[in-house]
Amino acid sequence: MQHFLPNGSTLVIRKPRIEDAPVLLETFRRMTQESDFLLYTHAEAMKFGQRDEENFIRQYLLQPRHLLLLAEADGQVVGSVTINQSKFGKQLHLGELGIAILRDWWNLGIGRRLMTAAMRWADEHAEIEIIHFNVVANNEKAIQLYRNFGFLECGRLPQGVRGADGSFTDLITMSKRIKNF
Ligand SMILES: CC(C)(COP(=O)(O)OP(=O)(O)OC[C@H]1O[C@@H](n2cnc3c(N)ncnc32)[C@H](O)[C@@H]1OP(=O)(O)O)[C@@H](O)C(=O)NCCC(=O)NCCS
């Protein structure tokens with residue numbers, strides 16, 4: 001689906017292809033440099049190689065119970081959203097969401113568009129009833145984005161993450177029931 005961004009760029013939200021691996025890997029590495037709100041450090045991201053990234057994409061292409069969508073702006077991959085259905089039989093009703101965008105493309109509504117596409121996919125996925133994820137407590141923009149989609153805080157792990165400077169921040173769990181009982 002094609003959208004127009006406030007800066008005049010064209011946004012396409014699409015499924016990945018194996019050939020996206022080098023670009024997606026580079027995007028992931030940059031994101032870990034640009035944002036402290038991701039759990040991966042840049043050093044950890046640098047341990048992933050192209051083969052790992054191809055396998056990462058492949059698992060989404062082969063397993064329709066998981067979702068990976070890419071945001072492509074003016075032909076460049078600038079963000080992604082994932083939903084992973086739990087692998088446990090007792091938790092097949094749970095899908096864990098993750099989202100990230102390159103800094104140059106923040107505040108243009110790409111997060112909202114990716115969330116819309118992911119939530120539409122989840123609505124149509126018969127088994128997934130609850131979407132959940134963790135978010136660092138001072139990630140105000142992400143929390144606002146999630147609230148806009150009806151997600152509510154349902155738990156908090158005090159000192160759930162420790163930054164490079166040694167300081168702790170709480171980790172919030174947010175969730176939303178997307179299907180009625
Ligand atoms: C969080 C993130 C995905 C948001 O994406 P984005 O494209 O910048 O967000 P959008 O432009 O769609 O804005 C989303 C909402 O955030 C809110 N928002 C924007 N700027 C804000 C700010 N400074 N403070 C609080 N809320 C803000 C607005 O409500 C906006 O929705 P609206 O414009 O429809 O009212 C993106 O900033 C990002 O990738 N950050 C780094 C990685 C990250 O934190 N991922 C989430 C981990 S849980």
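Me: I've got this predicted model open. Which residues does leucine 97 touch, leaving out those up to four places away in sequence?

Reply: Look for Val81, Thr82 and Ile83, then Ala118, Ile131 and Phe133.

Me: How do I read a cluster like that?

Reply: Here's the general idea: in soluble globular proteins, nonpolar side chains tend to be buried together. Now the case here: the largest nonpolar core has 35 residues, and Leu97 is among those with the most contacts inside it, along with Leu69, Ala71, Ile110, Leu114 and Ala118. Elements that each supply at least two residues of this core include β2 (10-14), α1 (21-34), β5 (94-101) and α4 (110-124).

Me: Which element gives the most to this core?

Reply: That's β3, with 6 residues.

Me: Okay, what about strand β7, how many of its 11 residues are buried?

Reply: A residue counts as buried if 20 or more other C-beta atoms lie within 10 Å of its own. For β7 (residues 152-162) the number buried is 0, so the strand lies largely in the open. It pairs with β8 in the antiparallel sense, over 7 bridges. Find arginine 162 and you'll see phenylalanine 168 of β8 standing opposite. The hairpin of β7 and β8 has 5 residues between the strands, and glycine 166 takes a positive phi near 90 degrees there.

Me: And the ligand: which residues are closest?

Reply: Among the 21 residues that surround the ligand, the closest are Phe37, Trp106, Gly111, Arg112 and Gln144. Two or more residues of this shell come from each of β5, α4 and α5 (140-148), and α5 has the largest share, 6 residues.

Me: How does that shell divide into nonpolar, polar and charged?

Reply: You get 11 nonpolar, 7 polar and 3 charged.

Conventions. Residues are numbered from 1 along each chain as its sequence is written. This is a predicted model: local features need pLDDT of at least 70, side-chain atom pairs count only at pLDDT 80 or more; totals for chains, interfaces and linings use all residues. A nonpolar core is a set of buried Ala, Val, Leu, Ile, Met, Phe, Trp, Tyr and Cys residues joined through C-beta atoms within 7 Å. A residue is buried if 20 or more other C-beta atoms lie within 10 Å of its own, exposed if 12 or fewer, and partly exposed in between; C-beta atoms are placed from the backbone. Helices (H or I, at least four residues) and strands (E, at least two) are DSSP runs, numbered from the N terminus. Two residues are in contact if their C-beta atoms, placed from the backbone, lie within 7 Å. Two strands pair if DSSP finds at least two bridges between them. A residue is near a molecule or strand if its C-beta atom, placed from the backbone, lies within 6 Å of it. Ala, Val, Leu, Ile, Met, Phe, Trp, Tyr, Cys and Pro count as nonpolar, Asp, Glu, Lys and Arg as charged, and the others, Gly among them, as polar.
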